[in-house]
Amino acid sequence: MRHLLVTLRRRYCNHPKPLIQRAHYKPQKPQPPPAPPSPPKPPKKPAKFSLHGESWEDPYSWMSQLNDKVAMRHMDVYMEQEEKYIEAVMSDTERLQSKLQSEMASRFSFDLSTPPLRWGPWLYYRRAEEGKQYPVLCRRLASLNEEFISHKSPSAGFDFTSGQRIEQKLLDYNQEAERFGGYAYEELSEVSPDHRYLAYTMYDKDNDYFKLSVRDLNFGTLCSKPQADRVSNIAWAKNGQALLYVVTNHDKRPYRLYCSMVGSDEDDILLLEDPQENVYVNIRHTKDFQFVTVNTFSTTSSKIFLINAADPLSGMTLVWECETRAHCMVEHHQGFLYLFTDAAKEGQPVDNHYLLRSPVDPSPSLRKWESVFADDDELIVEDVDFSYSHLALIVRENRVFKLCSVSLPLPSGKGSFHLKELYPQFLPLPSNVTQISPGPNYDYLSSTMRFTISSPVMPDAVVDYDLSNGKWNIVQQQNLLHERTRVLYGSASSGSRGEKSPLSRVDEVNIANDNPWNDLVEYYGCDQYSVPSDDGVVVPLTIVYSHHRRKEDQSPGLLHGHGAYGEILDKRWRNELKSLLDRGWVIAYADVRGGGGFGKKWHHDGQRSNKINSIRDYICCAKFLVDNKIVQENKLSGWGYSAGGLLVAAAINSCPDLFRAAVLKVPFLDPTNTLLYPILPLTPVDYEEFGYPGDVEDFQAMRAYSPYDNIQKGLEFGKQQNGLH
């Protein structure tokens, strides 16, 4: 090395003349930055419209002419230009995009398998096969597999000790994809109560409807009947010998109910046909399979009929009706019908669901429904689920969700109860729970029920609760602390925290006893705020952030909103958002009016002509984030999908100075034309949500908030403008 350095030194000392002469050097002029790409301009073909004395012109209505081949060719060309424009605008972020994609992909769980679900003598589950696009539906006898921990052990359902195959493949969705043109999407799937048949519906993309098939699980073959097209609901009867199903008309309205005797050569029997264009038919079986309930509903009425499942051809009995559209669900338990509904009480609207019961026997004229629980404004029942021995209740106190159970049967002849009188057992939950969703819970005779617990700072946990003793097991949850997924069966923390949890053979991960929920609160915070809207109504706002990366008044932010159909805003943990949180972003969720989780009035105050309330709520939450230095000014983005896209886009039209960007997924941006001239069939629910164009007040409100109709020319994000205030 010393010899090499000496040689180099001598070589350069013998050549002191610089390689570039200064006298001939001319400094380079700085190159101007490349001109920004110009956005594509689709052709304008103005069309004129008028309604209620108002006229307007739409230069792009041709884009909705799906049957016009020339128009669709123009659309293809335009979309290609849009894609090239986006690539050009984002070209300087390619390395960042690649890094983000790599990070996010590493956290996604591509395993399509599900944890085993016990029903009677069987364990049902879906599992993925290597190299296959779609999963396989399988089952195993629980009595032969007491050590069965997951769908992967023993491998492929083969017990090497006994030399016997212990797994039964019920349905291979890869083969179904071959039946349906390379695409497999299942909407309904119901095993018969005797575990003999599987009824399911698959999407036929060539005909745009769902097709019903029934498979004999003893032989693995398709039954010759029933087979039907355009099926929207199914329910088993007669202990699996009969299948009831509902079909839709060409406008996708469920209107006919049929009964088919499985294996019979006779034609399926029409039980009900409703010719009214605004009436929809829906069916479900009670959890004990003794009855099938038939719901018919429209914007002006709701009715529930009961069919004896043992004799489905014996007729239908009316057990409930009300004069408005209401959510109604009937269950049967030991001689009593239980009705969970949000229908008006004695002609007066109610804000939340409540539970009624009535003996199953009385004739319609003598039937009397009594409230199970006394009114309690502090404790709201959000959902219920029945087993033979217990009633599970999802309740809410203000913004706090709880899960509890009470023993069945309930005392009779004592009127309404306060929940505490029934000695409820409150079940363990993690902190910051934003949603509790009941699982399938097919096994009516079991005291174990499955729920999915969601939180903004914890991957979804699928939990089995034993309602008889309060013990609980996490049966599936992604463990981001180890970047792996655990699929457990009977092996998560329950009861005492001092007990060491046995682990799945699939995933040898040490789960710390001090964090049985595998949440991420050590790394990420979740705060809740109450934001006053323009009219003084308080809007709940939730923010999620990194404890270590967030900086006051320096953090970029993403504000999520939906505010429609009375749906609870999805605030679940998302793996892809970790990349933003770790870079100092704040993720915020605005529970604006029109959404769910806070009663019917909250929903109604964001419907039709009141939709403007949703937009104002969202804007107030955005301003709150900036004014309180939670998000840095000029670094706030909006985020919404479907109806949430309308919310975010309308807010940007009103206050473009608040937002720097927006993430809109399949956004609903043109309510005026969509509701006036629907391309796809709409339901009464859609019109109830956004308004009836034939109603002057609804139409004027719609025109005022419609994002497509209110784009201000010459404006960009960040320019100061007056808002809706």
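Reader: Why is there no bond between the sulfur of Cys 322 and the closest cysteine sulfur, in Cys 328?

Author: In this predicted model, the sulfur of Cys 322 lies 5.0 Å from that of Cys 328, which is too far for a bond. A disulfide requires the two sulfur atoms to be within 2.5 Å, so this pair does not qualify.

Reader: What makes Cys 322 buried or exposed?

Author: Its relative accessible area is 15%. Buried means under 20%, and therefore Cys 322 is called buried.

Reader: How do you know whether Cys 621 forms a disulfide with the closest cysteine, Cys 620?

Author: The sulfur atoms of Cys 621 and Cys 620 are 7.1 Å apart, and the limit is 2.5 Å; the distance is therefore too far for a bond. By this rule the count of disulfides comes to 0.

Reader: Why is Cys 621 called buried?

Author: Cys 621 has a relative accessible area of 0%, which is under 20%, so the term applies.

Reader: Which residues does Leu 541 touch?

Author: Leaving aside residues up to four places away in sequence, Leu 541 touches several residues, including Cys 621, Leu 559, Phe 624 and Leu 625.

Reader: Which residues have the most contacts inside the largest nonpolar core?

Author: They are Leu 541, Leu 559, Tyr 618 and Leu 625, in a core of 41 residues. Among the elements that give two or more residues to this core are strand 36 (538-546) and helix 7 (611-627). Helix 7 gives the most, with 10 residues. A second, separate core has 33 residues, among them Trp 119 and Leu 217.

Terms used
Residues numbered from 1 in each chain as written. Predicted model: local features only at pLDDT ≥ 70, side-chain atom pairs only at ≥ 80, totals over all residues. Heavy atoms only, no water. Core = buried A, V, L, I, M, F, W, Y, C linked by side-chain atoms within 4.5 Å. Buried < 20%, exposed > 50% of the residue type's maximum accessible area, 1.4 Å probe, protein only. Helix = DSSP H or I, 4+ residues; strand = E, 2+ residues; numbered from the N terminus. Contact = heavy atoms within 4.5 Å.
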